[in-house]
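Student: I should like a close look at a single part of this structure, with its surroundings described in one connected account. Please begin with the contacts of one residue and work outward from there.

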Amino acid sequence: VSAIDNAPAGDGFVRSDEEEAILLEVENAFGRSYVQVRRSEAGSTDYLHGPDISFITSSSVNHAEIAVATGGALFASKVLPEEASAMLFVKSIADWPTTLRVVRTPEGLCGRVIDTETGISLTLTEGEEMTFTLQQQVAEAGRFMLEVRPWAEAEGRMPSCPEALDGAVEV
């Protein structure tokens, strides 16, 4: 999300924290769609007024679409808690190859998208992708699950003396 300040002071271009967002793309032969997910201590699986953006389906019948499905709603952009699991709504053409691709992920993220039907897991690493075929135009609820959590943080503790074996790495 980007914005230009039109105030008389003429402040410069402002870019949000896009680097801190997960950006997923779903694509078929007729088009592609994106969903953005950010994590925050203030994130929620329910609607958050302001940062969350509701999903509106495309007028294109064959266009691939993706959204976060949580709290009884669909989102094109969603702020989730630091550690969360959410369903992904995926729409495409039945019996046509569809690709789910990781476009961008922030540093320090541990996450994946799981295709619960096939058992295939897509690691949230930039450039990774999975190709699948839907039996119907819309994937069954719960077929694609997004899981995110922070990386474990490690801290080293030096030994008491160079010859001592009491040093440690704490996770």
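Tutor: The starting point is Lys91, which touches Thr57, Ser60, Val61, His63, Ala64, Glu65, Leu134, Gln137 and Val138, leaving out residues up to four places away in sequence. Lys91 belongs to strand E8, and the model in which these contacts occur is a predicted one. The relative accessible area of Lys91 is 11%. Because the limit for a buried residue is under 20%, Lys91 counts as buried.

The preceding residue may be taken next. Val90 is also found in strand E8, and with a relative accessibility of 2% it is buried. Beyond its neighbours within four places in sequence, Val90 is in contact with Val26, Glu65, Ile66, Phe132, Leu134, Gln137, Val138, Ala139 and Phe144. Glu65, Leu134, Gln137 and Val138 appear in this list and also among the residues that Lys91 touches. For one of these partners a separation is available: the C-alpha atoms of Val90 and Leu134 lie 9.1 Å apart in space, while the two residues are 44 places apart in sequence.

Further back along the strand comes Ala86, which lies in E8 as well. Ala86 has a relative accessibility of 3% and counts as buried. The residues touched by Ala86, again not counting those up to four places away in sequence, are Val68, Thr70, Leu80, Phe144, Met145 and Leu146. Ala86 and Met145 are 59 residues apart in sequence, yet their C-alpha atoms are 5.8 Å apart in space. Phe144 is a partner of Ala86 and is likewise in contact with Val90.

The loop that follows the strand gives another picture. Asp95 lies in the loop between strand E8 (84-91) and strand E9 (97-104). Asp95 is exposed, with a relative accessible area of 60%. Although Asp95 is not a glycine, its phi is positive, at about 65°.

Some of the partners already named also border a cavity. The count comes to one cavity of 30 Å³ or more, and the largest cavity has a volume of about 60 Å³. Its lining consists of Glu117, Leu134, Gln135, Gln136, Val138, Ala139, Glu140 and Arg143. By class, three of the lining residues are nonpolar, two are polar and three are charged. Leu134 and Val138, which belong to this lining, are both touched by Lys91. Ala139 lines the cavity too and is in contact with Val90.

On the far side of the Asp95 loop is strand E9, and here the account turns to salt bridges. The structure holds eleven of them. In one, the side chains of Glu27 and Arg101 meet at 3.0 Å, N to O. Glu27 lies in strand E3 (residues 21-28) and Arg101 in strand E9, so this pair ties together parts that are 74 residues apart in sequence.

A second salt bridge joins the side chains of Asp52 and Lys78, at 2.7 Å, N to O. This pair also links distant parts of the chain: Asp52 is in the loop between strand E4 (31-39) and strand E5 (53-54), Lys78 is in strand E7 (residues 73-80), and the two are 26 residues apart. Both partners are buried, Asp52 with a relative accessible area of 5% and Lys78 at 0% relative accessibility.

In a third, the side chains of Arg112 and Glu147 meet at 3.0 Å, N to O. Arg112 in strand E10 (residues 109-115) and Glu147 in strand E13 (residues 144-150) are 35 residues apart, and the pair links distant parts of the chain. Here the partners are partly exposed, with a relative accessible area of 35% for Arg112 and a relative accessibility of 22% for Glu147. Salt bridges that share partners also join Glu25, Glu27, Arg32, Arg101 and Glu129 into one network.

The setting of the whole chain completes the account. The secondary structure comes to zero helices and 15 strands, and buried residues make up 37% of the 171 residues. Of the contacts between residues at least 6 apart in sequence, 64% join residues at least 24 apart. As to confidence, the mean pLDDT of the chain is 84, and 82% of its residues reach 70 or more. Over residues 1-15, however, pLDDT stays under 50, and for this stretch the model has twelve contacts beyond four places in sequence.

Note on methods
Residues numbered from 1 in each chain as written. Predicted model: local features only at pLDDT ≥ 70, side-chain atom pairs only at ≥ 80, totals over all residues. Heavy atoms only, no water. Helix = DSSP H or I, 4+ residues; strand = E, 2+ residues; numbered from the N terminus. Buried < 20%, exposed > 50% of the residue type's maximum accessible area, 1.4 Å probe, protein only. pLDDT = per-residue confidence, 0-100. Contact = heavy atoms within 4.5 Å. 1 Å grid on protein atoms, 1.4 Å probe; cavity = no way out; pocket = protein on both sides within 12 Å on 5 of 7 lines; lining within 4 Å. Points joined across faces, edges and corners; volume = space filled by probe spheres on them. Nonpolar A, V, L, I, M, F, W, Y, C, P; charged D, E, K, R; others polar. Salt bridge = Lys/Arg side-chain N within 4 Å of Asp/Glu carboxyl O.
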